[in-house]
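Let us walk through this structure step by step. Start with the overall fold, then look at selected helices, loops and contacts.

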Amino acid sequence: MIKSRVLSLTFIVFVVLVLTIALEKNQLISFDDTLSYVAGLFFAEEIPSSQIRSEYASSTLKLLIVPGHEKDTGGTEYKDLRERDIVLALSKYLSLEFQKDTHIKTFVTRDGSGDFVPWLSDYVTRNKEAIKIFRTTAAVTAKYGVISGQFERNVVVEHNNASSISSLFLHGINKYANDNNINLVLHLHFNDYPGRKYNKPGIYKGFAIYMPESQLPNANASRELALAIASRLKEVEPPSNYPKERPGLIEDQDLIAMGPNGTRDGVSLLVEYSYIYEKQLTDPNLRDKTLRDLAHATYLGVEDYFNNSDTLSVAR
Ligand SMILES: [Zn+2]
């Protein structure tokens with residue numbers, strides 16, 4: 001019922017769009033022109049790193065930290081260690097680090113109890129239908145992009161589908177971030193891979209940073225930030241040796257965090273900080289220091305992106 005309403009609304013949005021274009025051009029347009037125009041909308045104007053850096057220098061940027069998954073569900077587990085809990089602890093250390101930088105104001109999507117913060121859950125509840133239309137309209141537009149040859153589907157690493165509630169919140173985060181000029185979004189996760197025995201450590205290790213695939217409008221600035229964070233993380237944790245994640249930086253167009261189908265205007269990254277079963281996390285005596293080190297390395301990477309971009313390009 002709701003699905004069909006969303007589809008109908010999407011169709012109406014599309015028809016209105018076509019009529020608007022026709023009226024604006026004050027002439028009849030061909031179907032091919034329409035496809036090209038609609039697909040062209042998909043490739044929103046990109047925000048260059050230089051613009052983000054000058055905004056940083058002259059004002060205060062907003063950084064949204066998204067500790068992955070929900071309070072009671074989602075994420076990987078190893079023995080009694082839950083990804084959704086350790087990313088929450090990491091998010092606290094990360095927001096503490098950014099208190100040192102007056103040019104960055106941080107927001108975190110989950111509070112100390114693990115629940116989504118009220119401003120986010122209220123936003124998603126109030127805008128449920130609008131978020132679904134946002135998601136569906138982008139998917140329909142991207143389909144026209146594929147048909148008209150302006151957008152290519154490209155899957156490098158397969159991901160588990162997000163549950164419908166997770167999908168709603170993640171798209172809600174993208175829409176909220178776009179609507180409220182959130183400059184940077186960092187999604188925090190710990191990794192795992194299909195086929196590992198649940199109570200046995202796996203064979204892979206290391207961090208992986210997922211960044212928007214090159215066709216997406218937020219690709220370039222996100223990539224620069226990913227490189228800056230990766231070069232700092234390397235001092236704490238090696239890059240992932242999982243074959244598809246080598247050498248630790250992966251372009252992706254499917255993860256909701258990336259803004260699939262052009263649903264994210266600003267910089268967004270998803271960091272898988274290490275595999276969940278790695279000793280520095282599973283050992284209770286090492287875990288806290290590991291999380292602090294990872295938070296500090298991430299902070300230094302962001303600072304390098306804004307303050308040491310010259311040395312970054314040399315290091316690359
Ligand atoms: Zn995760």
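Helices and strands here are DSSP runs, numbered from the N terminus: a helix needs at least four residues, a strand at least two. His69 can be placed on that basis, in the loop between β1 (61-67) and β2 (77-78). The model is a predicted one. His69 has a phi near 75°, a positive value in a residue other than glycine. Is His69 buried or exposed? His69 counts as buried because 24 C-beta neighbours lie inside 10 Å, and the cut-off for buried is 20 or more.

Now step back to the whole chain. The protein chain has eleven helices and eight strands. Of its 316 residues, 38% count as buried. Consider contacts with a separation of 6 or more. Residues 24 or more positions apart account for 79% of these in the protein chain.

Two helices show how elements pack. Helix α6 covers residues 128-147, and helix α7 covers residues 164-179. Their axes are 9 Å apart and meet at an angle of about 85°. The two helices α6 and α7 are therefore roughly perpendicular to each other. On the α6 side, the contact is made by Lys128, Ile131, Phe134 and Arg135. On the α7 side, Leu168, His171, Gly172 and Lys175 take part. By class, this contact of α6 with α7 has three nonpolar, two polar and three charged residues.

Next comes helix α8, residues 219-233. Its 15 residues reach 20 Å from the first C-alpha to the last. That is close to the 21 Å expected at 1.5 Å a residue. Which residues of α8 are buried? They are Ala221, Ser222, Arg223, Glu224, Leu225, Ala226, Ala228, Ile229, Ala230 and Leu233. Charged side chains are on that list too, namely Arg223 and Glu224.

Helix α8 also leads into the core. The largest nonpolar core has 62 residues. Leu186, Ile209, Tyr210, Leu225, Ile229, Leu269 and Val271 touch the most other members. Take Ile229 from this group. Leaving aside neighbours within four places in sequence, Ile229 is in contact with Ile209, Val271, Thr298, Gly301 and Val302.

After α8 the chain enters a loop that runs to β7 (249-252), and Pro247 has its place there. The peptide bond from Arg246 to Pro247 is cis, with omega near 0°. Glu237 lies in the loop between α8 and β7 as well. Glu237 counts as buried, because it has 20 C-beta neighbours inside 10 Å. Glu237 touches Gly206, Phe207, Tyr273 and Ser274, not counting residues up to four places away in sequence. Glu237 and Phe207 are 30 residues apart in sequence, yet 6.6 Å apart in space, C-alpha to C-alpha.

Follow one of those partners, Tyr273, into strand β8. Tyr273 is buried, since 28 other C-beta atoms lie within 10 Å. Beyond residues up to four places away in sequence, Tyr273 touches Phe190, Phe207, Glu237 and Leu294. Between Tyr273 and Val236 there are 10.0 Å in space, C-alpha to C-alpha, and the two are 37 residues apart in sequence.

One loop remains. Asn261 has its place between β7 and β8 (267-275). Asn261 has a phi near 60°, a positive value in a residue other than glycine. With 21 C-beta neighbours inside 10 Å, Asn261 counts as buried.

Conventions: Residues are numbered from 1 along each chain as its sequence is written. This is a predicted model: local features need pLDDT of at least 70, side-chain atom pairs count only at pLDDT 80 or more; totals for chains, interfaces and linings use all residues. Axes are lines fitted to C-alpha atoms, for helices over the stretch in contact, and angles run from 0 to 180 degrees between N-to-C directions. Angles under 35 degrees count as roughly parallel, over 145 as roughly antiparallel, 65 to 115 as roughly perpendicular and the rest as oblique. Two residues are in contact if their C-beta atoms, placed from the backbone, lie within 7 Å. The expected span of a helix is 1.5 Å times one less than its number of residues. A residue is buried if 20 or more other C-beta atoms lie within 10 Å of its own, exposed if 12 or fewer, and partly exposed in between; C-beta atoms are placed from the backbone. A nonpolar core is a set of buried Ala, Val, Leu, Ile, Met, Phe, Trp, Tyr and Cys residues joined through C-beta atoms within 7 Å.
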